[in-house]
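Biologist: I should be grateful for a close look at one part of this structure, with the reasoning set out step by step.

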Amino acid sequence: MQLKNNKKIPLVVSAAVTAIVSLSHAENSTDTIEINHEYYSESDDRIDVKYTMIDFKKDFGTDWSFAASFSVDEITGGTPIWDSISAPSPCTDESGNYVCDDPEQRPGNLIGSPQADLSDFTYRNIEMVDKRYAGNASLTYRTTPERNEWAIGFAYSEEDDFKSTELSAGYLHYLDEMKNSSLSFGVSKQKNESYFYFDEEWMDMDITSIEVAYTQIFTPKTLGKIAFFRTWQEGALTNPYQTVIRRVNITEDEQGAAPIYRYYRAREIRPDKKNISGIALSLISELHDDWKLHVGYRLYKDDWDILSHTLDFKAYYSVTENLTIVPNIRYYNQSRANFYKGHKENDFIFSEREGYATSDERLGDFDSLTYAVGVEYTISDKWDANIHIAKQKTSYDLKSYWISAGVKYAF
Amino acid sequence: MHNRALQFMVFLISVFALPACMGITPVKAWEKDTLGHKHMQIGGNPSIKKINEHVYTSKEASSGGGGIGGGGCGCN
């Protein structure tokens, strides 16, 4: 990720963590290639994203399946951080070197010059550009005659300041002869590297995830799934671009000196470990020949004190044999991390030189509501097309929408 | 807050488990035509799911529960 005009800048990037090792009850044996393009835009001149994704799936006989995906996302726009009015970020010269201060003389994570009051600080968008390339592939094997499934997956993605490599494996075991219930297990290990421009070095961040799921067919028209997941993150979890405001006693190192307080911009600091656990429920039912309803709920909890609930309702309404309308509504709510202070709050200042601190809105308490509608059209036996439009509003006044269109060819 | 969440979770699991407790009549293979329909797949359209997750994971502190694998990003 980099600033326009090759200047490095504080920001946040987006990309997806989605499932490619997806084990399911249905074995769709058709080989397919699919391309989708998404355009995403936020209010207040914030982020715009163009995301293109190509998916390929090929079966080899009835026992082996191969799937691969390649995607590119291009991000432009602005992302908000605490900035200085007199010495605005990125505090870099034309070569991208950090020039605001001498790192050797800078206490802790403080940036720039001390200020006697807060008038020099502003929470505003910083322009940025970024491009991410990502690819993943998975191979699935089904045993005979049980049809249990083994899967392995590999994923790699690269940005200017972030690299990720992942290995994953999954196993699905049917619990009865009728194949009405199953247990699935998945595990993944991710090795990530983030570039910290302030320190001018790459730092490691590892993620280990496991998921255990139970799927049950209740009736010929209803099935459900319950999944338990745990994730362990360790390493450089701090966002290299996010900043906070700190109030520092600049005479505390001088014995007997009267305190003199000054305000600094400072890099955010997050703990280097995060342990996550959660549960996800899905229930799908055909209410009528033309209506299929999907209900989902996820409970998420981590040891940064973030607790979140996600409720998702989606319906597939078959207008004709070839045309389906897909309305979707999603509600999301989360509590704040225990080291978060929002920029709009009365107390947004962190008072220590060190210690965990963030003003990243995504670690604050907020809720969001997403409305979406999709249109899926079967053109012929071989061709399908879809268009989806979604609109989201968060309680911290960020509005966004995204629209996607895609075609799928079966062969 | 946490107690309420726990109660809510227990309630949901109870609702989910109720049919199982009442006894489920096994569904035969030839009765699974509807279940095999592409619109009955958990998670819905996989491509649309990826696109939506692409947005949600970069804007929220939470993730997980939708399967294992798929790779990482510099989202948070």
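With which residue does A:D55 form a salt bridge, and how far apart are the closest N and O atoms? Please place the pair in its surroundings.

Modeller: The model is a predicted one. In it, A:D55 is paired with B:K50 in a salt bridge, and the closest N and O atoms lie 2.7 Å apart. This pair crosses between chains: B:K50 belongs to helix α2 (residues 46-59) of chain B, whereas A:D55 belongs to strand β2 of chain A. Side chains of opposite charge can pair when their charged atoms come close.

Consider next how far each partner is covered. A:D55 has a relative accessibility of 12% and therefore counts as buried, the limit being under 20%. B:K50 is buried as well, with a relative accessible area of 10%.

The wider contact between the two chains gives the pair its setting. On the side of chain B, 58 residues are in contact with 102 residues of chain A. Together the two chains bury about 6,800 Å², and carbon and sulfur atoms account for 61% of that area. Between chain B and chain A there are four salt bridges, and 24 residue pairs are in polar contact, both residues being at pLDDT 80 or more. Helices α1 (2-22) and α2 of chain B each supply at least two residues of the side that touches chain A. The largest share of that side, 13 residues, comes from α2(B), the helix that holds B:K50.

Strand β2 of chain A, which holds A:D55, spans residues 48-60 and also contains A:K58. A:K58 forms a salt bridge with A:D31, with the closest N and O atoms 3.1 Å apart. Because A:D31 sits in the segment before β1 (32-42) of chain A, this pair ties together parts that are 27 residues apart in sequence. The two partners are covered to unlike degrees: A:D31 counts as buried at 9% relative accessibility, while A:K58 counts as partly exposed at 25%.

A further salt bridge joins A:D59 and A:K57, whose closest N and O atoms are 3.8 Å apart. Here A:D59 counts as buried at 12% relative accessibility, and A:K57 counts as partly exposed at 25%. Elsewhere, salt bridges that share partners join A:E42, A:R46, A:E361 and B:K59 into one network. Over all chains the count of salt bridges comes to 25.

The nonpolar residues complete the picture. In soluble globular proteins, nonpolar side chains tend to be buried together. The largest nonpolar core of this model has 14 residues, and A:M205, A:Y300, A:W304, A:I306, A:A337, A:F339 and A:L363 touch the most other members. Apart from it lies another core, of twelve residues, which includes A:I47, A:V49, A:M128 and B:V55. Within the largest core, A:A337 touches A:W304, A:I306 and A:L363, residues up to four places away in sequence not being counted.

As for chain A as a whole, its secondary structure comprises zero helices and 20 strands. Of its 411 residues, 52% count as buried. Chain A exposes about 18,700 Å², of which carbon and sulfur atoms supply 54%. Among its contacts with a separation of 6 or more, 62% are between residues 24 or more positions apart.

To return to the request, A:D55 is a buried residue whose salt bridge to B:K50 runs from strand β2 of chain A to helix α2 of chain B.

Key: Residues numbered from 1 in each chain as written. Chains lettered and ligands numbered in written order. Predicted model: local features only at pLDDT ≥ 70, side-chain atom pairs only at ≥ 80, totals over all residues. Heavy atoms only, no water. Core = buried A, V, L, I, M, F, W, Y, C linked by side-chain atoms within 4.5 Å. Buried < 20%, exposed > 50% of the residue type's maximum accessible area, 1.4 Å probe, protein only. Contact = heavy atoms within 4.5 Å. Helix = DSSP H or I, 4+ residues; strand = E, 2+ residues; numbered from the N terminus. Areas by Shrake-Rupley, 256 points an atom, 1.4 Å probe, with all protein chains shown as cover. Salt bridge = Lys/Arg side-chain N within 4 Å of Asp/Glu carboxyl O. Buried area = accessible area lost by both parts, 1.4 Å probe. Polar contact = N/O pair within 3.5 Å; in protein donor to acceptor, adjacent residues only side chain to side chain.
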